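Thanks for making the time this morning. I would like to walk you through one model, slowly, and I will begin with a single helix before stepping back to the whole chain.

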Amino acid sequence: MRALHADTGYLLYRLGLRSGQLFNTFLQESGLRLRHYAVLRYLATCEGALQRELSARLGYDPSAIVGLVDDLEKLGFAERRPAPDDRRSRVVVLTEDGRAFLRDTDQAGQRVTDELLTPLAPAEREALHTLLVRVAGDGLA
C-alpha cells in the first residue's frame, strides 16, 4: 500500500486547502473570501460575464454565483448590467472600485503565493506554474 503523500492527487488537494486558507486569511479584513476574489480576478480579464459563464468558468454552483455577485455588488466591486444582445440577461462587470481593490491587493496576493511556495527556487516556481497550467488545460478560466 502506498503512503498517503505518495499520491499526487492528495498532495494537490492539500496544497489547494493550504492555499485557500492563506488567501482567506489575507482577504478576511475586506470581508471577502477566495471565491469572491476569483470572481473579481475573472471579471478583470473580460468586459463582463453572464452569471452562468462565471459558474462554468470558475467551477462554482450557479446558486453560489448569485450570492457571490450579490456580495460584490453590496461592496460596490461589481454590478449587473443588461446584456447588450439579450435584454432578459444581465452581465456582471467589474466596477472601478473593484479594479482598485484588485490593484491594492496585488502585492498582498503575491506575498501569499510566495509564502505558499517558500520551499521552491524561482525557476522551480515557474516550472510548477507551467506544469499546473498544462495539467489544468481548458478546465480553468
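**Helix α5 and its surroundings**

The residues of α5 that are buried are Gly-98, Phe-101, Leu-102, Thr-105, Ala-108, Gly-109, Val-112 and Leu-116. Please keep in mind, as I go on, that this is a predicted model. Among the elements that cover those buried residues of α5 are α1, residues 8-27, α2, residues 34-43, and β3, residues 86-94.

Let me turn to the geometry of this helix. Helix α5 runs over residues 96-116, and because 21 residues at 1.5 Å a residue should span 30 Å, the separation of 30 Å between its end C-alpha atoms agrees with expectation. There is nevertheless a kink in α5, of about 45 degrees, and it is centred on Asp-106.

One residue of this helix deserves a slower look, and that is Gly-98, which is found in α5. Its relative accessible area is 0%, and since buried means under 20%, Gly-98 is buried. Which residues is Gly-98 in contact with, if we leave aside its neighbours within four places in sequence? They are Gly-76 and Phe-77. Gly-98 can also be set against Glu-79, from which it is 19 residues apart in sequence, with 9.7 Å between the two C-alpha atoms.

**Salt bridges**

How many salt bridges does the structure hold? There are eight, and I will discuss some of them here.

In one of them, the side chains of Arg-18 and Glu-115 meet, with 3.6 Å from N to O. Arg-18 belongs to helix α1 and Glu-115 to helix α5, so this pair ties together parts that lie 97 residues apart in sequence. As for accessibility, Arg-18 is partly exposed, at a relative accessible area of 38%, and Glu-115 is partly exposed as well, at 47%.

A second salt bridge that involves α5 is formed by Asp-114 with Arg-125, where the closest N and O atoms are 3.0 Å apart. Here Asp-114 sits in helix α5 and Arg-125 in helix α6, residues 122-136, so that the pair, eleven residues apart, links distant parts of the chain. Asp-114 counts as partly exposed at 30% relative accessibility, and Arg-125 likewise counts as partly exposed, at 23%.

Elsewhere, Glu-73 forms a salt bridge with Arg-80, and in this pair the closest N and O atoms are 2.5 Å apart. Is Arg-80 buried or exposed? With 18% relative accessibility, Arg-80 counts as buried, because the cut-off for that class is under 20%, whereas Glu-73, at 30%, counts as partly exposed. These two residues are also joined by Asp-70, in that Asp-70, Glu-73 and Arg-80 are linked in a network of salt bridges.

**The chain as a whole**

Stepping back, the protein chain has six helices and three strands, and read along the sequence they follow the pattern α-α-β-α-α-β-β-α-α. Taken along the principal axes, the C-alpha atoms fill a box of roughly 55 × 30 × 25 Å.

Of the 141 residues in the chain, 31% are buried, and the chain exposes about 9,600 Å², of which carbon and sulfur atoms supply 53%. Finally, among contacts with a separation of 6 or more, 48% are accounted for by residues 24 or more positions apart; the bridge between Arg-18 and Glu-115, with which I began the section on salt bridges, joins parts 97 residues apart.

Note on methods. Residues are numbered from 1 along each chain as its sequence is written. This is a predicted model: local features need pLDDT of at least 70, side-chain atom pairs count only at pLDDT 80 or more; totals for chains, interfaces and linings use all residues. Side-chain values use heavy atoms; hydrogens and water are left out. Helices (H or I, at least four residues) and strands (E, at least two) are DSSP runs, numbered from the N terminus. The expected span of a helix is 1.5 Å times one less than its number of residues. The bend at a residue is the angle between axes fitted to the seven residues ending there and the seven starting there. Buried means under 20% relative accessible area, exposed over 50%, partly exposed in between (1.4 Å probe, protein chains only). Contact means heavy atoms within 4.5 Å. A salt bridge is a side-chain nitrogen of Lys or Arg within 4 Å of a carboxyl oxygen of Asp or Glu. Accessible areas come from the Shrake-Rupley method with a 1.4 Å probe; for residues, only the protein chains shown count as cover.
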